[in-house]
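Q: Could you walk me through reading a structure like this one, feature by feature?

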Amino acid sequence: MGSSLSTTSSTSTSVPETKLEAKMVEAMRRRASQGTPIKSFNTIILKFPKIDESFRNCNTIFHQFDEDSNGAIDHQELKNCFGKLEINFTDEEITDLFKACDMNENLGIKFNEFIVLLCLVYLFKEDPTSIQARSRLGLPNLEATFETLVNAFVFLDKNKDGYVSKNEMVEAINETTAGERSSGRIAMRRFGEMDWDKNGAVSFKEFLFAFTRWIGIDEHDDEEEKDGDVEV
């Protein structure tokens with residue numbers, strides 16, 4: 001989330017509003033310089049089932065660290081979680097992550113928010129220790145899933161500025177649905193689902209929250225199988 005951006009060009013004028021967002025944008029720009037194996041939006045869609053399965057396997061971690069079993073991880077539980085997963089973030093960094101992912105501001109991280117938080121940790125954490133720790137908890141595919149999401153965002157972020165603009169989303173959809181009259185409408189709908197704060201610039205965090213909704217993960221029911229609509 002950042003300041004406004006012109007939708008008449010794919011060049012973003014967004015400015016990060018928090019230290020965490022600035023760190024996220026910097027990390028995505030660094031990753032964008034490495035390129036992405038994803039070549040179309042269809043490639044992302046085809047990965048939905050595998051990503052959905054991996055996300056649902058996160059129940060193992062979520063329920064383990066929801067110590068009072070109230071359906072949400074509070075700030076202290078998150079600190080305990082990081083300690084056990086050997087994620088060496090400062091108290092300030094943990095607090096910033098907690099506030100950033102507690103989208104409903106209810107002082108608790110729900111299941112979908114926890115998935116987003118873990119993916120941000122993966123993005124920020126160059127030391128693989130935390131990834132190894134998660135694998136020891138029985139989630140060996142989680143690192144690959146998060147890498148897929150990073151690559152998907154890099155594919156959408158055509159100008160590599162750390163945000164996805166409306167024009168960039170239209171371009172990505174047009175590459176997949178060339179010649180279809182509905183491509184513009186589809187792109188606008190998908191962009192609207194991602195642009196949480198309606199400022200015209202989608203951050204990686206906003207993209208992650210949209211992605212959890214696309215594959216059928218929500219904050220209320222982390223165990224039921226959803227009937228996910230994966231239309232482009």
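A: Sure. Let's start with a term: a helix here is a DSSP run of H or I with at least four residues, and helices are numbered from the N terminus. Leu142, for instance, sits in helix H9. Keep in mind that this is a predicted model.

Q: How many helices and strands are there, and in what pattern along the sequence?

A: The protein has 12 helices and two strands. Going along the sequence, the pattern reads α-α-α-α-α-α-α-α-α-β-α-α-β-α.

Q: What share of the residues is buried?

A: Buried means under 20% relative accessible area. By that cut-off, 52% of the 232 residues of the protein are buried. Contacts are worth a look too: among those with a separation of 6 or more, 69% join residues 24 or more positions apart.

Q: Back to Leu142, then. Is Leu142 buried or exposed?

A: Leu142 is buried, with a relative accessible area of 2%. Leu142 also illustrates a long-range pairing: Cys58 is 84 residues away in sequence, yet the two C-alpha atoms are 8.3 Å apart in space.

Q: Which residue in helix H12 could I read in a similar way?

A: Try Glu206, which lies in helix H12. Glu206 has a relative accessible area of 1%, so this residue counts as buried. From Glu206 to Val116 you go 90 residues in sequence but 9.1 Å in space, C-alpha to C-alpha.

Q: How do I read a helix with two faces?

A: Here's the general idea: an α-helix has 3.6 residues a turn, so residues three or four places apart point the same way. Now take H1, which runs over residues 19–32. Its buried residues are Leu20, Glu21, Met24, Val25, Ala27, Met28, Arg31 and Ala32. They cover an arc of only 165° around the axis, so they are on the same side of H1. Lys19 and Glu26, on the other side of H1, are exposed.

Q: What do the buried residues of H1 pack against?

A: Four helices: H6 (91–101), H7 (111–124), H9 (142–156) and H12 (204–214).

Q: How far does H1 reach from end to end?

A: With 14 residues, H1 reaches 20 Å from its first C-alpha to its last, close to the 20 Å expected at 1.5 Å a residue. You can run that check on H7 as well: its 14 residues should span 20 Å, and its end C-alpha atoms are 20 Å apart, which agrees.

Q: How many residues of H7 are buried?

A: 14 of its 14 residues are buried, so H7 is mostly covered.

Q: And which residues of H3 are buried?

A: In helix H3 (residues 48–56), the buried residues are Phe48, Ile51, Asp52, Ser54, Phe55 and Arg56. Their cover includes H2 (41–46), H4 (59–65), H7, H9 and H12.

Q: Now for empty space. What is the volume of the largest pocket, and which residues are closest to its centre?

A: A pocket is an open set of grid points, while a cavity is one where the probe fits but cannot get out. The largest pocket has a volume of about 200 Å³. Of its 11 lining residues, Thr18, Leu20, Glu21, Ala100 and Lys205 are closest to the centre. H1 and H6 are the elements that give two or more residues to this lining. By class, the lining of the largest pocket has four nonpolar, two polar and five charged residues.

Q: Which residues line the largest cavity?

A: Phe55, Ile115, Val116, Cys119, Leu149, Leu208, Phe211 and Thr212 line the largest cavity. Its volume is about 30 Å³, and the structure holds one cavity of 30 Å³ or more. H7 and H12 each supply at least two of its lining residues. By class, this lining has seven nonpolar, one polar and no charged residues.

Q: Last one: what should I look for in backbone angles?

A: Most residues other than glycine have a negative phi. Ser69 has a positive phi of about 55° although it is not a glycine. Ser69 lies in the loop between H4 and helix H5 (75–84) and is exposed, at 62% relative accessible area. Lys160 also has a positive phi, near 60°. Its place is the loop between H9 and strand S1 (164–165), and at 45% relative accessibility Lys160 counts as partly exposed.

Notes:
Residues are numbered from 1 along each chain as its sequence is written. This is a predicted model: local features need pLDDT of at least 70, side-chain atom pairs count only at pLDDT 80 or more; totals for chains, interfaces and linings use all residues. Side-chain values use heavy atoms; hydrogens and water are left out. The expected span of a helix is 1.5 Å times one less than its number of residues. Buried means under 20% relative accessible area, exposed over 50%, partly exposed in between (1.4 Å probe, protein chains only). The arc is that of the directions from the helix axis to the C-beta atoms. Contact means heavy atoms within 4.5 Å. On a 1 Å grid over the protein atoms alone, a cavity is a set of points where a 1.4 Å probe fits but cannot get out, and a pocket is an open set with protein on both sides within 12 Å along at least five of seven lines; lining residues have an atom within 4 Å of a point. Grid points are joined across faces, edges and corners, and a volume is the space filled by probe spheres set on the points. Ala, Val, Leu, Ile, Met, Phe, Trp, Tyr, Cys and Pro count as nonpolar, Asp, Glu, Lys and Arg as charged, and the others, Gly among them, as polar.
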